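Me: I have a new structure to look at. Can you walk me through it?

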Amino acid sequence: KATVSVLYWYLMQFCLRLVARTPCSRRYQDFTRERARIQHKETREESDHDCVKLLKQRYHQALKGGVSKKESGVRELLRLVHMLRSKGKQPGKATYNTALHICTKVKAIQEAERLHEDMLKNNVKPNVQTYNHLLMIATKLTRGEDIQRYYKLMAKEGIQPNKVTFTHILTGVGKTAPNLSESIWSAMLADNIQPDSALFVAYLQGAPNVATVIKRFEEAHAYQQEKGLKWDMRQFYGVVIKTAGFMKNTSVAEKYFDEMLDNGIAPMVQQWTALSSAHAVLGDVDKAFSVYRRMLHHNVSPTDVTYSVLITACANSLPPDTSLAEKVFLRVTQRPSFKHSLVVWNAMLRLYANAGKVKEVRSLGDEMARLGMSTTKVEFFINKANSVQDQT
């Protein structure tokens with residue numbers, strides 16, 4: 001009986017192995033493994049979805065506070081990501097990209113860098129959205145080296161940039177290294193990415209001089225006509241006018257503004273403000289205010305930036321026209337929507353600094369602090385006012 005039992009056991013093992021090698025059995029095993037893989041993936045995606053939901057809930061709670069609350073909310077995100085992992089949940093791309101998107105709200109570059117490092121450490125492969133968020137923060141902070149580094153990392157990891165990627169890169173490079181914008185544009189075209197209006201505007205903004213911005217403007221206009229596209233050309237004219245004004249070339253600014261009117265394109269407040277700014281840079285108070293009056297005549301409502309430009313014109317005139325600027329400032333700050341406008345208050349700080357009025361700069365800075373406004377530039381303008389006072 002013992003011999004029969006042993007032989008029976010060996011016979012059963014042989015039969016089982018024979019059955020396991022049949023195509024039907026192999027298909028079943030493959031099916032079992034695939035089902036287990038899908039279940040693991042679904043569990044991870046469900047976990048990732050829960051992480052995203054929790055991150056958004058916590059951050060929206062922080063949004064009810066001020067800027068400091070938002071910043072503490074971003075720091076809380078990092079703790080949440082580690083806490084979720086310690087509780088068995090697996091944060092994936094959606095979780096990290098949500099956290100990075102929240103970092104863009106308050107320009108939290110250090111927290112975003114740590115999230116990116118955490119992704120790589122935990123074998124969560126970044127995608128194009130990940131780098132778009134990182135590029136957006138670096139662009140907002142005008143960190144040219146970081147922009148170029150992220151772009152190289154994308155190429156190294158084989159991640160294909162999209163239109164949003166190149167828009168951020170061109171905008172950031174235009175602010176920090178405008179000479180690189182041409183090569184970035186060529187790389188974009190080599191990737192068979194068809195430029196849209198946002199890309200062309202970023203390309204225009206990255207022009208290093210007036211001649212280049214005019215050349216790129218003509219390229220954009222020709223491309224629009226060739227493709228039969230209906231773009232709002234006001235933003236293109238605005239970039240040319242703003243660039244020409246910044247380069248102190250008011251003749252080009254006025255030429256393209258008049259061309260816009262001749263072509264039946266009604267300027268918006270941005271274009272009117274850009275033309276006024278072109279004269280304000282040179283301290284030409286009469287022409288800056290003349291553009292402002294023309295704008296009102298065309299029933300275009302000014303913004304706080306418009307008023308800051310008028311104050312800047314007074315600040316850059318020789319000598320600074322403090323009495324006229326104070327009238328503008330008083331008029332603006334009486335409007336509830338502009339009362340706490342930082343650009344207007346900083347323009348007044350610059351005016352008093354250019355006039356060498358240290359006492360007024362300090363007084364204005366104290367008032368800004370009392371109103372809960374940012375006072376990061378006050379010390380700079382105090383030093384500038386002291387320097388002007390010493391020279392006089």
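**Salt bridges and helices**

Reply: Sure, and keep in mind that this is a predicted model. Start in helix α19, which covers residues 358–370. Glu367 and Arg370 both sit there, 3 residues apart, about one turn of the helix.

Me: What do the side chains of Glu367 and Arg370 meet in?

Reply: A salt bridge, at 2.6 Å from N to O.

Me: Are those two buried or exposed?

Reply: Glu367 is partly exposed, with a relative accessible area of 28%. Arg370 is exposed, at 59%, because the cut-off for exposed is over 50%.

Me: Which residues do shared salt-bridge partners join into one network?

Reply: Glu113, Arg143, Asp146 and Arg149.

Me: And how many salt bridges does the structure hold?

Reply: It holds 7. One of them links Arg216 and Glu182, whose closest N and O atoms are 3.1 Å apart.

Me: Where do Arg216 and Glu182 lie?

Reply: Arg216 is in helix α11 (residues 210–227) and Glu182 is in helix α9 (residues 181–190). So the pair ties together parts that are 34 residues apart in sequence.

Me: Is Arg216 buried or exposed?

Reply: Buried, at 2% relative accessibility. Its partner Glu182 counts as partly exposed, at 34%.

Me: Back to α11. Which residue does Glu219 form a salt bridge with?

Reply: Lys215. The closest N and O atoms of that pair are 2.8 Å apart. Both residues lie in helix α11, 4 residues apart, about one turn of the helix.

Me: How do Glu219 and Lys215 count for accessibility?

Reply: Glu219 is partly exposed at 30% relative accessibility. Lys215 is partly exposed too, at 46%.

Me: New topic, helix packing. At what angle do α13 and α14 pack?

Reply: About 155°, with their axes 9 Å apart. That makes α13 roughly antiparallel to α14. Helix α13 spans residues 250–262 and helix α14 spans residues 269–281.

Me: What handedness does the crossing of α13 and α14 have?

Reply: Left-handed.

Me: Last one, the surface. Which residues form a nonpolar patch there?

Reply: Val6, Trp9 and Tyr10. Together they have about 360 Å² of accessible area.

Me: Where is Tyr10 placed?

Reply: In helix α1, residues 2–20.

Me: And why does Tyr10 count as exposed?

Reply: Because its relative accessibility is 54%, and exposed means over 50%.

How values were computed
Residues are numbered from 1 along each chain as its sequence is written. This is a predicted model: local features need pLDDT of at least 70, side-chain atom pairs count only at pLDDT 80 or more; totals for chains, interfaces and linings use all residues. Side-chain values use heavy atoms; hydrogens and water are left out. Patches are made of residues with over 30% relative accessible area and no salt bridge: like charges are joined within 9 Å, nonpolar side chains (Val, Leu, Ile, Met, Phe, Trp, Tyr) within 5 Å. Accessible areas come from the Shrake-Rupley method with a 1.4 Å probe; for residues, only the protein chains shown count as cover. A salt bridge is a side-chain nitrogen of Lys or Arg within 4 Å of a carboxyl oxygen of Asp or Glu. Helices (H or I, at least four residues) and strands (E, at least two) are DSSP runs, numbered from the N terminus. Buried means under 20% relative accessible area, exposed over 50%, partly exposed in between (1.4 Å probe, protein chains only). Axes are lines fitted to C-alpha atoms, for helices over the stretch in contact, and angles run from 0 to 180 degrees between N-to-C directions. Angles under 35 degrees count as roughly parallel, over 145 as roughly antiparallel, 65 to 115 as roughly perpendicular and the rest as oblique. A crossing is left-handed if the near helix is turned anticlockwise from the far one by less than a right angle, and right-handed if clockwise.
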